[in-house]
Amino acid sequence: MRTYIGSHQTLNAIEFEELALGFDELPLGIDRDLFRGPLTPESPEERAARLDVAREVIADLAAQGEGGDEAAAWDALYADALTRTVPFLRAAARSAGRSAGTEAAA
């Protein structure tokens with residue numbers, strides 16, 4: 001079975017997500033969930049561990065950027081920006097859940 005978004009055939013799930021939802025291609029090596037957090041609930045211990053690792057990765061990328069690695073500098077900025085997207089994503093997920101529940105009840 002083939003899947004198309006517009007006139008473009010998608011070859012894998014990541015490509016489908018990018019085309020369907022309008023995401024740009026991710027920089028190599030950047031894991032969005034590490035920085036923004038998962039969209040599903042996580043325990044306080046999981047969150048603390050994830051944030052510790054994310055801070056270390058951002059600091060390492062920033063240090064590499066200061067050393068002249070332009071790609072690492074941009075990755076550090078991108079990763080840091082992702083850390084501030086969590087509240088919006090979770091609010092959107094909660095809002096979508098509420099509106100779906102409201103429509104089902106109507």
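The following exchange between a visitor and a guide walks through a predicted model of a protein.

Visitor: What does the secondary structure of the protein come to, and which pattern does it follow along the sequence?
Guide: The secondary structure of this predicted model comprises five helices and two strands. When these elements are read along the sequence, the order that emerges is β-β-α-α-α-α-α.

Visitor: Which element of the protein has the lowest mean pLDDT?
Guide: Across the protein the average pLDDT is 77, and 71% of the residues score at least 70. Where pLDDT is low, the predicted coordinates should not be read in detail. Among the elements, H3 has the highest mean value, 92, whereas the lowest, 60, belongs to helix H5 (residues 86-105).

Visitor: What percentage of the residues in the protein is buried?
Guide: The protein exposes about 7800 Å², and carbon and sulfur atoms supply 59% of that area. Of the 106 residues in the protein, the buried ones make up 19%.

Visitor: Which residues form the largest nonpolar core, and which helices each supply at least two of them?
Guide: The largest nonpolar core of the protein consists of six residues, namely Leu34, Phe35, Ala54, Ile58, Ala79 and Leu82. At least two residues of this core come from each of H2, H3 and helix H4 (70-82).

Visitor: With which residues is alanine 79 in contact, leaving aside its neighbours within four places in sequence?
Guide: Alanine 79 is itself one of the six residues of the largest nonpolar core. Once its neighbours within four places in sequence are left aside, alanine 79 is in contact with Phe35 and Ile58.

Visitor: Is leucine 82 buried or exposed?
Guide: Leucine 82 has its place in helix H4, and its C-alpha atom is separated by 9.9 Å from that of aspartate 31, although the two residues are 51 positions apart along the chain. Because its relative accessibility is 10%, and the cut-off lies at under 20%, leucine 82 counts as buried.

Visitor: How many salt bridges does the structure hold, and which side chain meets arginine 36 in one of them?
Guide: Side chains of opposite charge can pair when their charged atoms come close. The structure holds three salt bridges. In one of them, at 2.9 Å from N to O, the side chain that meets arginine 36 is that of aspartate 33.

Visitor: Why are aspartate 33 and arginine 36 separated by about one helical turn?
Guide: Arginine 36 is placed in helix H2, which covers residues 32-36, and its side chain makes a polar contact of 2.9 Å with the side chain of aspartate 33. As for exposure, aspartate 33 counts as partly exposed because its relative accessibility is 33%, whereas arginine 36, at 14%, counts as buried. The separation is about one helical turn because aspartate 33 and arginine 36 are three residues apart in helix H2.

Visitor: Which residue meets arginine 50 in a salt bridge, and is that partner buried or partly exposed?
Guide: Arginine 50 counts as buried because its relative accessibility is 10%. Its side chain meets that of glutamate 42 in a salt bridge, with 2.7 Å from N to O. Because its relative accessible area is 21%, the partner, glutamate 42, is partly exposed.

Visitor: In which helix are aspartate 52 and arginine 55 three residues apart?
Guide: The side chains of aspartate 52 and arginine 55 meet in a salt bridge of 2.7 Å, N to O, and aspartate 52 counts as partly exposed because its relative accessibility is 38%. These two residues are separated by about one helical turn, because they lie three residues apart in helix H3 (residues 44-66).

Visitor: What distance separates the C-alpha atoms of alanine 59 and alanine 76?
Guide: Alanine 59 has its place in helix H3, and because its relative accessible area is 45%, it is partly exposed. Along the chain, alanine 59 and alanine 76 are 17 residues apart, and their C-alpha atoms are separated by 7.6 Å.

Visitor: Is tryptophan 74 buried or exposed?
Guide: Tryptophan 74 lies in helix H4. In sequence it is 13 residues from leucine 61, and in space the two are 8.6 Å apart, C-alpha to C-alpha. Because its relative accessible area is 55%, and the cut-off lies at over 50%, tryptophan 74 is exposed.

How values were computed
Residues are numbered from 1 along each chain as its sequence is written. This is a predicted model: local features need pLDDT of at least 70, side-chain atom pairs count only at pLDDT 80 or more; totals for chains, interfaces and linings use all residues. Side-chain values use heavy atoms; hydrogens and water are left out. Helices (H or I, at least four residues) and strands (E, at least two) are DSSP runs, numbered from the N terminus. A polar contact is a pair of N or O atoms within 3.5 Å; within protein, one must be able to donate a hydrogen and the other to accept it, and residues adjacent in sequence count only if both atoms are side-chain atoms. A salt bridge is a side-chain nitrogen of Lys or Arg within 4 Å of a carboxyl oxygen of Asp or Glu. Buried means under 20% relative accessible area, exposed over 50%, partly exposed in between (1.4 Å probe, protein chains only). Accessible areas come from the Shrake-Rupley method with a 1.4 Å probe; for residues, only the protein chains shown count as cover. A nonpolar core is a set of buried Ala, Val, Leu, Ile, Met, Phe, Trp, Tyr and Cys residues joined through side-chain atoms within 4.5 Å. Contact means heavy atoms within 4.5 Å. pLDDT is the predictor's confidence in each residue, from 0 to 100.
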